[in-house]
Amino acid sequence: MNSSIHPIVVLAVLGIVASLILMVTVFHVRRAGLKVLLVLIAVLTLAPAGLVVLTMYPEWVDARFRSYKAFYDGIQLGMTRDEVLTVQAKLYPDSGPRQKPRIIVDEVESLTFFMHPEVSDSSVNCEGILLHLKEGKVVSKVYSPD
């Protein structure tokens, strides 16, 4: 299997290293104007790292992800299908700000939810919660990111 590191992750790591070097250099420079410039450049070199963090943790900036991950966390092994739907109803009330996740697969041994994108032009539409049921109870759960 061939795996490689995404270029944005490499940029993020290089940005962190460059930022650290610049911040150490700030303490050795005497001119105030140059210090300010080095600090600004150090902050800018952290931008790729910020992008990587936000893509890894979208729930920090988007309430849809926070609600959906709370739904995933609320599902416990051993729950019945009705208990799972009760958790969903508690986290996604009809009068609430979030739209319920869509049930994509509803079979005897499988229950799959997709996060509702809530806006028609959103590219976020494939966050999935895949539940495997045995004898009517959840035996495994998988969170599938977009």
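**Salt bridges and a cavity**

Me: Is Asp94 buried or exposed?
Reply: The model is predicted, with local features needing pLDDT of at least 70 and side-chain atom pairs pLDDT 80 or more, while totals for chains, interfaces and linings use all residues. Numbering runs from 1 along each chain as its sequence is written, and side-chain values use heavy atoms, without hydrogens or water. Buried means under 20% relative accessible area, exposed over 50%, and partly exposed in between (1.4 Å probe, protein chains only). Asp94 has a relative accessible area of 75%, so Asp94 is exposed.

Me: Which residue meets Asp94 in a salt bridge?
Reply: A salt bridge puts a side-chain nitrogen of Lys or Arg within 4 Å of a carboxyl oxygen of Asp or Glu. The partner of Asp94 is partly exposed, at 36% relative accessibility. With 3.7 Å from N to O, that partner is Lys100.

Me: How many residues apart in sequence are the parts that Arg81 and Asp106 tie together?
Reply: The side chains of Arg81 and Asp106 meet in a salt bridge of 2.5 Å, N to O. Arg81 lies in helix H5 (residues 81-91) and Asp106 in strand S1 (residues 102-106); helices (H or I, at least four residues) and strands (E, at least two) are DSSP runs numbered from the N terminus. The pair therefore ties together parts whose separation in sequence is 25 residues.

Me: How much space lies in the largest cavity?
Reply: A cavity is a set of points on a 1 Å grid over the protein atoms alone where a 1.4 Å probe fits but cannot get out. The search finds one cavity of 30 Å³ or more. Residues lining the largest cavity include Arg64, Tyr68 and Glu118, lining meaning an atom within 4 Å of a point. The space in the largest cavity is about 40 Å³.

Key: 1 Å grid on protein atoms, 1.4 Å probe; cavity = no way out; pocket = protein on both sides within 12 Å on 5 of 7 lines; lining within 4 Å. Points joined across faces, edges and corners; volume = space filled by probe spheres on them.
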